[in-house]
Amino acid sequence: MKIKNIKVFVCCPGRNFVTVKVITEEGTYGVGDATLNGRELAVAAYLEEHIVPCLIGKDAHQIEDIWQYLFKGAYWQNGAVSVAAIAAIDMALWDIKGKLANMPVYQLLGGKSRKGITVYGHANGETIEEVLNNLEIMIDEGYKVVRLQCTIPNIKGTYGTLEGKKNYYELQGNRPLPPEQEWSTAKYMNFIPELFKQARAKFGYDIELCHDVHSRLSPIEASRLGKLLEPYKLYFLEDPITTENQEGYKVIREHTNTPLATGEKFNTLWDAKEMIQNQWIDYVRTAITHGGGITPLKKLADFASLHHVRMAPHGAPDLSPICLMAHMHFNLWAPNFGIQEFVGFGTPELNKVFNYEIELIDGLLYMKDKPGLGVDFNEEEAKNFPYKRSYLPVSRLEDGTLWNW
């Protein structure tokens with residue numbers, strides 16, 4: 001089952017996506033997601049110039065060996081660009097293997113550990129009232145877990161809220177250069193506990209709530225925030241600090257019992273090793289696209305399970321439906337799965353390019369049982385949505401100091 005051709009596509013049906021199609025000599029093909037928001041062309045070039053020539057003629061069945069070849073064999077082993085490229089190849093090979101076995105990928109991983117995938121959605125708003133109105137809508141739609149994000153008064157631009165009421169998928173194409181947002185830790189810390197206080201007063205404790213800090217705080221500031229939020233019993237507090245110095249999470253853990261989640265920027269198991277083995281976090285949020293594929297994520301899940309840490313893969317709108325479907329299979333299998341971030345069913349433009357079937361029932365996401373990953377990519381439709389250079393925002397403090405976005 002030799003690899004005959006590998007195609008790389010970059011398109012923008014609302015947001016930029018990098019898609020890989022691996023084709024065998026017999027005609028079976030698999031698809032993978034290599035999207036890296038704001039660096040899409042770097043990943044495409046890495047694939048086309050450095051990976052594709054090395055894989056033509058290799059046996060598509062040898063998923064583990066190919067993964068090791070692309071990771072260890074490059075010598076320069078880490079980094080978001082190279083790992084996203086490897087992830088796409090890995091996903092595509094699992095897709096091929098599932099098709100050839102006439103089985104969904106989760107069966108090849110070891111079968112189901114659950115009937116459906118618990119997801120959390122996003123309730124955003126420019127005021128607390130708007131956030132709570134959106135939370136009520138999501139509760140009515142059946143969500144059991146919801147992330148709350150609100151514009152901070154007197155701050156220009158706040159992470160997690162939608163600029164001008166735009167859909168997630170509309171934001172990227174209008175950012176030809178990085179937009180700049182303002183940040184004030186003091187204003188944020190004085191405001192956010194009130195959001196959760198009002199949410200609990202209105203909706204009680206049957207609905208699970210979480211919040212994303214997006215790495216804006218120092219360890220002691222995050223400790224204080226976790227303590228302030230303890231009365232509101234969060235499902236988890238996401239990315240309270242940056243992860244370069246993993247011991248920062250030890251500081252937070254020693255000061256608050258609010259559950260902690262991080263890892264959406266992790267590329268390897270080693271990025272999470274200290275936090276997991278010391279049980280400084282409760283959820284690891286590495287995505288299949290940004291973590292190197294299904295092959296290494298399975299190992300990460302097994303390692304995390306030894307230390308009472310659960311998987312909660314990143315599910316941002318800059319991960320394509322191919323990654324979403326790979327997560328579906330991974331999450332169905334992983335015995336220590338916790339929750340999946342889910343930003344909705346996409347736009348008509350997105351769903352012209354990617355063909356997949358999912359449905360949300362009573363807080364659980366389900367998919368149709370199909371061989372492989374159960375998702376396809378329409379090359380012809382993709383031509384109607386050419387790439388648009390675009391970036392994520394950057395943050396600055398009120399005095400102009402560049403800060404973590």
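# Exercises on a predicted model

Gln279 is partly exposed, with a relative accessible area of 38%. The model is predicted. The exercises begin with this residue.

**Exercise 1. Place Gln279, give its phi, and explain its exposure class.**

Solution.
- Step 1: Gln279 sits in the loop between helix H10 (273-277) and strand E10 (283-284).
- Step 2: its phi is positive, about 55 degrees, although Gln279 is not a glycine.
- Step 3: most residues other than glycine have a negative phi.
- Step 4: buried means under 20% and exposed over 50%. Gln279 has 38%, so it counts as partly exposed.

**Exercise 2. Is Asp239 buried or exposed, and what is the sign of its phi?**

Solution.
- Step 1: Asp239 belongs to the loop between strand E8 (236-238) and helix H9 (248-255).
- Step 2: phi is near 45 degrees, a positive value in a residue other than glycine.
- Step 3: the relative accessible area of Asp239 is 6%. The cut-off for buried is under 20%, so Asp239 is buried.

**Exercise 3. Describe helix H7 and what its buried residues pack against.**

Solution.
- Step 1: H7 has 19 residues. From first C-alpha to last it reaches 27 Å, close to the 27 Å expected at 1.5 Å a residue.
- Step 2: list the buried residues. They are Thr185, Tyr188, Met189, Phe191, Ile192, Pro193, Leu195, Phe196, Ala199, Arg200 and Phe203.
- Step 3: recall the helix geometry. An α-helix has 3.6 residues a turn, so residues three or four places apart point the same way.
- Step 4: find the partners. The buried residues of H7 pack against helices H5 (128-140) and H8 (219-229). They also pack against strands E5 (145-150), E6 (180-183) and E7 (208-212).
- Step 5: look past the end. Gly204 follows H7, with a positive phi near 75 degrees.

**Exercise 4. Which residues does Leu195 touch, leaving out those up to four places away in sequence?**

Solution.
- Step 1: Leu195 lies in H7 (residues 185-203).
- Step 2: its relative accessibility is 0%, so Leu195 counts as buried.
- Step 3: the residues touched are Ile128, Val131, Leu148 and Cys150.
- Step 4: set a distance beside this. Arg114 is 81 residues away along the chain, and the C-alpha atoms of Leu195 and Arg114 are separated by 33 Å.

**Exercise 5. Locate Ile56 and list its contacts outside its own stretch of chain.**

Solution.
- Step 1: Ile56 is in the loop between helix H1 (40-55) and helix H2 (63-71).
- Step 2: at 41% relative accessible area, Ile56 is partly exposed.
- Step 3: not counting residues up to four places away, Ile56 touches Ile3, Lys4, Asn5 and Ile6.
- Step 4: Ile6 is 50 residues from Ile56 along the chain, yet their C-alpha atoms are separated by 7.8 Å.

**Exercise 6. Does the radius of gyration agree or disagree with a compact globule? Add the overall figures.**

Solution.
- Step 1: for 405 residues, a compact globule would have a radius of gyration near 22 Å. The protein has 21 Å, which agrees.
- Step 2: the C-alpha trace spans about 60 × 45 × 45 Å along its principal axes.
- Step 3: the protein has 14 helices and 18 strands.
- Step 4: 57% of the 405 residues count as buried.
- Step 5: take contacts between residues at least 6 apart in sequence; 73% of them join residues at least 24 apart.
- Step 6: the protein exposes about 16600 Å², with carbon and sulfur atoms supplying 50% of it.
- Step 7: there are 42 positive and 50 negative side chains, and the centres of the two sets lie 1 Å apart.

Conventions:
Residues are numbered from 1 along each chain as its sequence is written. This is a predicted model: local features need pLDDT of at least 70, side-chain atom pairs count only at pLDDT 80 or more; totals for chains, interfaces and linings use all residues. Side-chain values use heavy atoms; hydrogens and water are left out. Helices (H or I, at least four residues) and strands (E, at least two) are DSSP runs, numbered from the N terminus. Buried means under 20% relative accessible area, exposed over 50%, partly exposed in between (1.4 Å probe, protein chains only). The radius of gyration is taken over C-alpha atoms; the globule rule is 2.2 Å times the number of residues to the power 0.38. Contact means heavy atoms within 4.5 Å. Accessible areas come from the Shrake-Rupley method with a 1.4 Å probe; for residues, only the protein chains shown count as cover. Lys and Arg count as positive and Asp and Glu as negative; His and the chain ends are not counted. The place of a charge is taken as NZ of Lys, CZ of Arg, CG of Asp or CD of Glu. The expected span of a helix is 1.5 Å times one less than its number of residues.
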